[in-house]
Amino acid sequence: METQTVSQTLIRATNLKKYYNLGETTVKALDGVDLTVDEGEFVAIVGPSGSGKSTLVNMLGGVDTPDEGSITILPDVELSSLKPGDLTDFRRKYVGFVFQFYSLIPTLTALENVEMAAELVNLKGKELHQRAEEALESVGLKDRNGSYPSQLSGGERQRVAIARALAKRPRLILVDEPTGQLDDKTADEIVKLIRDVSKSYGSTVLMVTHDRAQLKYADRVIDMRSGKILDV
Ligand SMILES: Nc1ncnc2c1ncn2[C@@H]1O[C@H](COP(=O)(O)OP(=O)(O)OP(=O)(O)O)[C@@H](O)[C@H]1O
Ligand SMILES: [Mg+2]
């Protein structure tokens with residue numbers, strides 16, 4: 001008998017627009033984007049510089065708001081109708097961010113950096129500690145819990161940043177060029193790691209990348225030009 005996997009939609013974005021007026025000209029950062037993403041899917045976003053990739057990802061994470069259009073995180077969160085406080089709550093509970101610049105806190109150890117993120121979902125004490133240790137272990141840094149960012153390599157710091165995004169077990173992980181400063185081999189390992197760990201946690205990933213070699217890890221690739229998604 002054939003096994004069927006029923007995929008469920010997690011994100012439905014409709015007709016997203018974001019325009020910036022710069023004197024005489026208008027920059028169309030997003031110019032009518034429609035996008036549906038399934039729960040557990042790993043989607044890569046490519047396209048030239050300035051095509052709207054970061055704008056799109058920031059919008060889906062509730063960091064930026066569209067001028068027009070709607071974003072629904074299913075079953076029932078309509079981002080545009082959330083008050084600022086509720087939007088912050090949504091980000092804390094549901095979204096893990098990984099950016100190119102690791103933004104770790106230099107005066108905290110790897111473990112403490114990860115714990116800070118897990119605290120956002122109200123974990124405390126032993127449970128918080130365990131969750132953070134587990135996240136660091138999942139990125140292969142079990143032995144470096146006590147190291148400060150300055151004592152870690154670029155790739156290791158990026159792995160701490162991934163552990164930080166994963167520790168709260170977010171439904172949605174947004175990744176914006178996580179490997180820009182890393183060599184090809186380390187970059188490949190980092191993306192494979194994001195893929196493997198997110199699959200095992202069941203998280204949905206949207207990852208912006210410039211590196212075509214990384215696309216093999218994606219379930220689907222979205223190509224952007226001038227604020228629009230190219231048809232495939
Ligand atoms: N706050 C802003 N004010 C004016 N223009 C902006 C602003 N934010 C983004 N833009 C413009 O919107 C367009 C899309 O920007 P975005 O950062 O989404 O591009 P990107 O695809 O992520 O590019 P890159 O690959 O260089 O990171 C660009 O032309 C950018 O200059
Ligand atoms: Mg960008």
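Aspartate 176 is buried in this predicted model, because 20 other C-beta atoms lie within 10 Å of its own and 20 or more is what counts as buried. The residue belongs to strand 7, which covers residues 172–176. Leaving aside residues up to four places away in sequence, aspartate 176 touches Ser54, Val57, Phe99, Gln100 and Val208. For a sense of scale, take proline 84: aspartate 176 is 92 residues from proline 84 in sequence, and the C-alpha to C-alpha distance is 23 Å.

**The six-stranded sheet**

What sheet does strand 7 sit in? Strand 7 is part of an open sheet of six strands, with the order 6-7-8-3-9-10 and mixed pairing. Strand 6 (95–99) and strand 10 (228–229) are the edges, each pairing on one side only. Strand 7 and strand 8 (residues 204–208) run parallel and are joined by five bridges. Within that pair, isoleucine 173 stands opposite valine 205 of strand 8.

Two helices lie across this sheet. Helix 1 (residues 53–60) lies across strand 3 (42–46), strand 7, strand 8 and strand 9 (220–225), and runs at about 155 degrees to strand 8. Helix 6 lies across strand 3, strand 7 and strand 8, with an angle of about 160 degrees to strand 8.

**The four-stranded sheet**

There's also an open sheet of four strands, in the order 2-1-4-5 with antiparallel pairing. Its edges are strand 2 (25–38) and strand 5 (77–78), and each of these pairs on one side only. As a reminder of what holds such things together, strands of a sheet pair through backbone hydrogen bonds, either parallel or antiparallel.

Strand 1 (residues 9–22) pairs with strand 2 in the antiparallel sense over 11 bridges. The two strands form a hairpin with two residues between them, and glycine 23 in the turn has a positive phi of about 55 degrees. On the other pairing, strand 1 runs antiparallel to strand 4 (residues 68–73), with five bridges joining them.

Here are some bridge partners from the two sheets, in case you want to click through them:

| Residue | Bridge partner | Strand of the partner |
|---|---|---|
| isoleucine 11 | valine 37 | strand 2 |
| lysine 17 | aspartate 31 | strand 2 |
| arginine 12 | threonine 72 | strand 4 |
| isoleucine 173 | valine 205 | strand 8 |

**Helix 3 and helix 4**

Is helix 3 enclosed or open? Seven of its nine residues are buried, so helix 3 is largely enclosed by the rest of the structure. The buried ones are Ala110, Leu111, Asn113, Val114, Glu115, Ala117 and Ala118. Their cover includes helix 4 and helix 5 (154–167).

Now for how helix 3 meets helix 4. The axes of helix 3 (residues 110–118) and helix 4 (residues 125–138) come within 9 Å and cross at roughly 120 degrees. The two helices are therefore oblique to each other, and their crossing is right-handed. From helix 3, the contact uses Ala110, Leu111, Val114, Glu115 and Ala118; from helix 4, it uses Leu128, His129, Arg131, Ala132, Glu133, Ala135 and Leu136. By residue type, this contact splits into eight nonpolar, one polar and three charged. The spacing of residues in such a contact is worth keeping in mind: an α-helix has 3.6 residues a turn, so residues three or four places apart point the same way.

**Helix 5 and helix 6**

What angle do helix 5 and helix 6 pack at? Helix 5 and helix 6 (residues 184–201) pack at about 15 degrees, with their axes 11 Å apart. That angle makes helix 5 roughly parallel to helix 6, since anything under 35 degrees counts that way. The crossing of these two helices is right-handed.

On the helix 5 side, the residues are Gly155, Gln158, Arg159, Ile162 and Leu166. They meet Thr186, Ile190, Leu193, Ile194, Val197 and Tyr201 in helix 6. This contact divides into seven nonpolar, three polar and one charged residue.

Putting the pieces together, helix 5 is part of what covers the buried residues of helix 3 and also packs with helix 6. Helix 6, in turn, lies across strand 7, the strand that holds aspartate 176.

Conventions:
Residues numbered from 1 in each chain as written. Chains lettered and ligands numbered in written order. Predicted model: local features only at pLDDT ≥ 70, side-chain atom pairs only at ≥ 80, totals over all residues. Axes fitted to C-alpha atoms, helices over the stretch in contact; angles between N-to-C directions. Parallel < 35°, antiparallel > 145°, perpendicular 65-115°, else oblique. Left-handed = near helix turned anticlockwise from the far one by under 90°. Contact = placed C-beta atoms within 7 Å. Nonpolar A, V, L, I, M, F, W, Y, C, P; charged D, E, K, R; others polar. Pairing = 2+ DSSP bridges. Buried ≥ 20, exposed ≤ 12 C-beta atoms within 10 Å, placed from the backbone.
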